[in-house]
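Could you walk me through this model in my viewer, stop by stop? I would like to know what to select next and what is there.

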Amino acid sequence: MDNKRKLDYLTKIITSKNITKAATELFVSQPYLSKFIKNIEEELEIKIFQKINGQINLTFAGERYLNYLTEIDKLEQKMQSEFDLIRNNKKGKIRLGINPALATAMLYKVIPQFKQTNPNIMIELFEKNQNISEEMLENNQLDVVIGMSPIFNEKLSYNIIYTENMYLFAPKSSKLYNGKIKDITKFSKSLALLNNEPIILTPLQYGIGKMVENFFKKNNLELNTSITTSTVPTAVNLAKSGMGCTFIPENLINNYLEEDATIYSFKKTDIKAEYIAIFRKNEQLPQITINLLNTILENLKK
């Protein structure tokens, strides 16, 4: 017998003060209800009812038993309510892996917007470089990773959620710098000018690094990596110190428009940033995770 029915039976016996009357009101036989009490007492190895002046009352053990049944019933109701919310995507947790630079650029806008319509969804952030996040995702330590293509783990899959332009940041120390140009300008010269130009790059196992490497290979250019760093802001600071040029994705470019540098744009067919949602193969993303990805997409489009 489930705890809820036990609680109902015991409550009716207490209010009726009589087994026969309680059995009638519960639509069960008096022997059945007596057997119910006997089974509980045998299980607990202690009496839960006593007769005083012809009325049935709880013993101290019975009072404690009823108290525990009441607490169990409240807990089961709370559990059922919570699982109803989870089942209907109203409550849950998303373990999100994301590159620190991407997190800085977008999440301060995304998470408040997402929480407005999903107040009971907790987001647990893991700001790691993409190769680490991919490994955590494979090991089921994350639910989804926001990163940039390409990925290298064959056990994972991804969907492109947004594509945007990449820009070249050419500081004063670069031969590509033009102090007369104050706005973003198209790189209309020959791409051969990039040949062997010192480039500050994220490591090749990261999205931007691999993307730039592919861009140079496609155009038969020699990639001269002067130094590698894991974040775009560090790359820009190194560029400003005279270490070379660097590439910046569109969602970060507004942070650097006031710098004393020439910023070049390219055709998307030449080089582009592909933001991706990475997940385990043959697994369907929960709806709450899809809702978060849609919120990220909305903000990227802005």
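## Stop 1: a buried tyrosine

Select Tyr275: at a relative accessible area of 0%, Tyr275 is buried. This is a predicted model, so please keep that in mind as you go round. Tyr275 sits in strand 12, which covers residues 272-280.

Now show what surrounds Tyr275. Leaving aside neighbours within four places in sequence, Tyr275 is in contact with Leu102, Gly147, Met148, Asn159, Ile160, Ile161, Tyr162, Glu164, Pro249, Asn251 and Leu300. For a sense of scale, add Pro203: 72 residues separate Pro203 from Tyr275 in sequence, and their C-alpha atoms are 17 Å apart in space.

## Stop 2: the nonpolar cores

Next, select Leu168, Leu194, Phe247 and Phe266. These have the most contacts inside the largest nonpolar core, which has 60 residues. Keep Leu168 highlighted and look around it: not counting residues up to four places away in sequence, Leu168 touches Leu176, Phe187, Leu194, Cys245, Thr246, Phe247, Thr262, Ile263, Tyr264 and Phe266. Another core, of 19 residues, lies apart from that one, and Leu7, Ala22, Phe36 and Ile37 are among its members.

## Stop 3: helices 1 and 2

Select residues 3-16 for helix 1 and residues 19-26 for helix 2. What should you look for in such a pair? Two packed helices are described by the angle between their axes and the distance between the axes. Here the axes come within 8 Å and cross at roughly 130°. Helix 1 is therefore oblique to helix 2. The crossing of helix 1 past helix 2 is right-handed.

Which residues meet where helix 1 and helix 2 touch? From helix 1, show Asp8, Tyr9, Lys12, Ile13 and Ser16; from helix 2, show Ile19, Lys21, Ala22, Glu25 and Leu26. Colour this contact by residue type and you will find 5 nonpolar, 1 polar and 4 charged residues.

## Stop 4: on to helix 3

Keep helix 2 on screen and add helix 3, residues 30-44. The axes of helix 2 and helix 3 come within 8 Å and cross at roughly 110°. That angle makes helix 2 roughly perpendicular to helix 3.

For the contact, select Ile19, Thr20, Ala22, Ala23 and Leu26 in helix 2, which meet Gln30, Leu33, Ser34 and Ile37 in helix 3. The contact of helix 2 with helix 3 divides into 6 nonpolar, 3 polar and no charged residues.

## Stop 5: two positive phi angles

Go to Glu45, in the loop between helix 3 and strand 1 (49-52). Phi of Glu45 is near 60°, a positive value in a residue other than glycine. Is Glu45 buried or exposed? At 72% relative accessibility, Glu45 counts as exposed.

Then jump to Asn196, in the loop between strand 7 (185-186) and strand 8 (198-201). Asn196 has a phi near 65°, again a positive value in a residue other than glycine. With a relative accessible area of 44%, Asn196 is partly exposed.

## Stop 6: Leu238 in helix 8

Finish at Leu238, in helix 8 (residues 232-243). Leu238 is partly exposed, its relative accessible area being 21%. Burial requires under 20%. Beyond its neighbours within four places in sequence, Leu238 is in contact with Ile200, Ile227, Thr229 and Met243.

To end, measure across to Ser16: Leu238 and Ser16 are 222 residues apart in sequence and 83 Å apart in space, C-alpha to C-alpha.

Definitions and conventions:
Residues are numbered from 1 along each chain as its sequence is written. This is a predicted model: local features need pLDDT of at least 70, side-chain atom pairs count only at pLDDT 80 or more; totals for chains, interfaces and linings use all residues. Side-chain values use heavy atoms; hydrogens and water are left out. Axes are lines fitted to C-alpha atoms, for helices over the stretch in contact, and angles run from 0 to 180 degrees between N-to-C directions. Helices (H or I, at least four residues) and strands (E, at least two) are DSSP runs, numbered from the N terminus. Angles under 35 degrees count as roughly parallel, over 145 as roughly antiparallel, 65 to 115 as roughly perpendicular and the rest as oblique. A crossing is left-handed if the near helix is turned anticlockwise from the far one by less than a right angle, and right-handed if clockwise. Contact means heavy atoms within 4.5 Å. Ala, Val, Leu, Ile, Met, Phe, Trp, Tyr, Cys and Pro count as nonpolar, Asp, Glu, Lys and Arg as charged, and the others, Gly among them, as polar. A nonpolar core is a set of buried Ala, Val, Leu, Ile, Met, Phe, Trp, Tyr and Cys residues joined through side-chain atoms within 4.5 Å. Buried means under 20% relative accessible area, exposed over 50%, partly exposed in between (1.4 Å probe, protein chains only).
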